[in-house]
Amino acid sequence: MNADAVIEGGGVKGIGLLGAICEAEKNGYKWRRLAGTSAGAIIASLLAAGYTAHELKKEILELNYKKFVEKKGLQVIPLIGGALNLLRFNGVFSGDYIEEWVREKLLVKGVRTFKDLKRTLYIISSDITSGEMLVLPDDLTRYGIDPLNFSVAKAVRMSASIPYFFRPVQLPVVKDGKKELHTIVDGGLLSNFPVWIFDHGREPDGPTFGFRTVSKKTGKPNKITGPFTLGFALISTMLEAHDTLHIKEHDFLRTIAVPSIGINATKFDITMEEREKLFESGVDAGKRFFENWSYSQYVIRYHTYITKIN
């Protein structure tokens, strides 16, 4: 059966989500439309380019995540380099390697822009200049940009710009004959798990599966002692807690929840053993989900929800 997939953001925890996606494909599902935020946008873009989840397993497991946080520019200055980068460029790390790696992998499948994709793709990012969520590529028309000719790798980079961590993307825009620079950051700021994106208010013509990670709450609060700890507490909340209420309401039936086994989103020094355990956590979560999955129950629950909100 054809299905849609919505993949949550979550940094290196995306490894676990790929494990669950592998299990979905093993159960015979083929992707028609895909959507993702941040790390989820990376996986969604590669699936939309024509990769299978099985093909991506090796790429994602062997990816050198440390290159995402490679020290460059002012950051090489001992002790204060990171702070200087943050003050000058609004991000500790450049984030350039994200775009470079995604572009390289897309080119293997002959994909540069959205018009080259094999499947429909939506990527979530946040325009903090205008204070709006962007659903790429469609919302690029607001800025007079041709969506189909926009770089997929650039869109992924925009979605994965974790505030404070990676430099935001500056998008040149011409409005009313005037040039503006819009600052674009991680889509997780506004919707880290956009499971609603393919809902259209009528009976679905196929399932939408949501892939997200879950972690046990320790009850330990974030300690706020100044602007830096405040910033990283905001990041933690954005990556770990966003969209939780929406999921509680009606989406558990279509959401495959992958235990994060204690691994944080920004653990870019993740070991190979941790990667393999996280991937298997996703596989196990997928197996449990599909053992009890019922498309007919999904349609009934979806119809009940739509009737309620209308």
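Here are some short exercises on this structure, each with a worked solution.

This is a predicted model, in which local features need pLDDT of at least 70, side-chain atom pairs count only at pLDDT 80 or more, and totals for chains, interfaces and linings use all residues. Residues are numbered from 1 along each chain as its sequence is written, and side-chain values use heavy atoms, with hydrogens and water left out.

**Exercise 1: the largest cavity**

Describe the largest cavity and its lining.

Step 1. Begin with the term: on a 1 Å grid over the protein atoms alone, a cavity is a set of points where a 1.4 Å probe fits but cannot get out, and its lining residues have an atom within 4 Å of a point. Grid points are joined across faces, edges and corners, and a volume is the space filled by probe spheres set on the points.

Step 2. Searching the whole structure gives three cavities of 30 Å³ or more. The largest cavity has a volume of about 200 Å³.

Step 3. Its lining is made of 17 residues, and those nearest the centre are Gly11, Ala39, Ile42, Tyr65 and Phe68. Two elements give two or more residues to this lining: helix 1 (14–26) and helix 2 (39–48). Helices here are DSSP runs of H or I with at least four residues, strands are runs of E with at least two, and both are numbered from the N terminus.

Step 4. Helix 2 gives the most to the lining, with three residues.

Step 5. Sort the lining by class, where Ala, Val, Leu, Ile, Met, Phe, Trp, Tyr, Cys and Pro count as nonpolar, Asp, Glu, Lys and Arg as charged, and the others, Gly among them, as polar. The lining then has 14 nonpolar, three polar and no charged residues.

**Exercise 2: helix 2 and its surroundings**

Is helix 2 mostly covered or uncovered?

Step 1. Buried means under 20% relative accessible area, exposed means over 50%, and partly exposed lies in between (1.4 Å probe, protein chains only).

Step 2. In helix 2, 10 of its 10 residues are buried, and the helix is mostly covered. Among them are Ala39 and Ile42.

Step 3. Look at the two ends. Ser38 is in the loop between strand 2 (30–37) and helix 2. Ser38 is buried, at 3% relative accessible area, and its phi is near 55°, a positive value in a residue other than glycine. Just after helix 2, Gly50 has a positive phi of about 120°.

Step 4. Keep the background in mind: most residues other than glycine have a negative phi, and most peptide bonds are trans.

**Exercise 3: strand 9 and its neighbours**

Which strands pair with strand 9 in the parallel sense?

Step 1. Two strands pair if DSSP finds at least two bridges between them.

Step 2. Strand 1 (residues 2–7) pairs with strand 9 in the parallel sense over four bridges. Strand 10 (residues 255–259) also runs parallel to strand 9, joined by five bridges.

Step 3. Gly210 helps you find both contacts. Val6 stands opposite Gly210, and in strand 10 the bridge partner of Gly210 is Thr255.

Step 4. Six of the seven residues of strand 9 (residues 208–214) are buried, so this strand is largely enclosed by the rest of the structure.

**Exercise 4: a pair of aromatic rings**

How are the rings of Phe289 and Phe290 arranged?

Step 1. Rings of Phe, Tyr and Trp (its six-membered ring) pair if their centres lie within 6.5 Å; planes under 30 degrees apart count as stacked, over 60 as edge-to-face and the rest as tilted. By this rule there are 17 aromatic pairs.

Step 2. The centres of the Phe289 and Phe290 rings are 5.0 Å apart and their planes meet at 85°, so the pair is edge-to-face.

Step 3. Phe289 is buried at 13% relative accessibility, and Phe290 is buried at 12%.

Step 4. Ring pairs link both into a cluster that includes Tyr29, Phe209 and Trp293.

**Exercise 5: a cis bond**

Where is Pro137 found?

Step 1. Pro137 sits in the loop between strand 5 (132–136) and helix 6 (152–159).

Step 2. The peptide bond from Leu136 to Pro137 is cis, with omega near 10°.

Notes: 1 Å grid on protein atoms, 1.4 Å probe; cavity = no way out; pocket = protein on both sides within 12 Å on 5 of 7 lines; lining within 4 Å.
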